[in-house]
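User: I am new to this structure and would like a close look at a single part. Please give one connected account.

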Amino acid sequence: MGILTSNMQKFALQDLHRVYSSVDGWNIREEKIQSNDEMTVLLERMHEGAKETAKVLVSYNPVVTPDVLDDLKVSGVSGYGLPSRHEYAIIAPQNADVLQIPAGVRVYPMHSFAIDKGALVWKKRPVRKFAEVPVAAVRKATA
């Protein structure tokens with residue numbers, strides 16, 4: 001998929017930055033692209049005297065199953081000798097089936113992609129519509 005995949009990942013990173021903003025101190029430490037075009041992203045920040053780590057799976061699948069949670073586990077070792085807090089989340093297309101994911105796992109919908117009739121679709125911005133003006137009136141106004 002090459003170029004298409006990298007563009008999809010750019011849109012996914014935009015969605016990721018909406019949730020884990022650099023304004024709030026989140027920094028991407030590692031991005032790992034998996035063989036099935038999914039991506040895991042490791043983020044970290046210092047907050048209230050503790051190192052916080054978040055590992056996020058970006059999935060484009062129409063059904064997200066709990067077996068992906070094993071890849072999201074983060075080791076409990078902090079490099080600063082301070083207590084650490086870990087969380088993990090999933091970013092999936094709108095309308096993706098996430099019913100099998102346990103209630104404690106955060107699932108965020110993508111703004112750019114959705115599942116429609118079982119297929120992944122790109123959600124473009126809606127076309128702006130303007131009031132229709134007859135051509136003769138436009139010519140008269142510009143003359």
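User: Is Glu44 buried or exposed, and what is its relative accessible area? Please take the salt bridge that Glu44 forms with Arg29 as the starting point, and then describe the surroundings.

Analyst: The model is a predicted one, and what follows should be read in that light. Glu44 is buried, since its relative accessible area is 18%, and buried means under 20%. Its salt-bridge partner is Arg29, and the closest N and O atoms of the two are 3.1 Å apart. Arg29 belongs to strand β1 (residues 27-33) and Glu44 to strand β2, so the salt bridge ties together parts that are 15 residues apart in sequence. Unlike Glu44, which is buried, Arg29 is partly exposed, with a relative accessible area of 47%. The two do not stand alone: Arg29, Glu44 and Lys51 are linked in a network of salt bridges.

In general terms, side chains of opposite charge can pair when their charged atoms come close. In this model the count of salt bridges comes to 6. Another of them joins Glu52 and Arg85, whose side chains meet at 3.0 Å, N to O. This pair, too, links distant parts of the chain, with Glu52 in strand β3 and Arg85 in strand β4, 33 residues apart. Glu52 counts as buried at 10% relative accessibility, whereas Arg85, at 35%, counts as partly exposed.

A further salt bridge is formed by Arg106 with Glu87, the closest N and O atoms being 3.4 Å apart. Here the link runs between strand β5, which holds Arg106, and strand β4, which holds Glu87, across 19 residues of sequence. Arg106 counts as partly exposed at 44% relative accessibility, and Glu87 also counts as partly exposed, at 24%.

The strands themselves provide the setting for this last pair. β4 and β5 pair in the parallel sense over 5 bridges, and Arg106 is the bridge partner of Ala89. β5 also pairs with strand β6 (residues 119-122), in the antiparallel sense and over 4 bridges. Within that pairing, Ile115 stands opposite Leu120. β5 and β6 form a hairpin with 2 residues between them, and Lys117 in the turn has a positive phi of about 55°.

From the charged pairs, the account turns to the nonpolar interior. The largest nonpolar core has 17 residues, and those that touch the most other members are Leu16, Tyr20, Leu43, Val56 and Tyr60. Two or more residues of this core come from each of α1 (3-19), β2 (39-47), β3 (50-58), β4 (84-94) and β5 (106-116). The largest share, 4 residues, is given by α1. Strand β2 is thus one of the contributors to this core, and Glu44 lies in that strand.

Tyr60 shows how varied the contacts of one core residue can be. Leaving aside residues up to four places away in sequence, Tyr60 touches Met8, Gln9, Ala12, Asp37, Glu38, Pro93, Met110, Phe113, Ile115 and Leu120. Ile115 and Leu120, both on that list, are the residues that stand opposite each other between β5 and β6. Apart from the largest core lies another, of 11 residues, among them Leu57, Leu69, Ile90 and Ala96.

To return to the starting point, Glu44 is a buried residue that forms a salt bridge with a partly exposed partner, Arg29, and the pair ties strand β2 to strand β1.

Note on methods:
Residues numbered from 1 in each chain as written. Predicted model: local features only at pLDDT ≥ 70, side-chain atom pairs only at ≥ 80, totals over all residues. Heavy atoms only, no water. Core = buried A, V, L, I, M, F, W, Y, C linked by side-chain atoms within 4.5 Å. Buried < 20%, exposed > 50% of the residue type's maximum accessible area, 1.4 Å probe, protein only. Contact = heavy atoms within 4.5 Å. Pairing = 2+ DSSP bridges. Salt bridge = Lys/Arg side-chain N within 4 Å of Asp/Glu carboxyl O.
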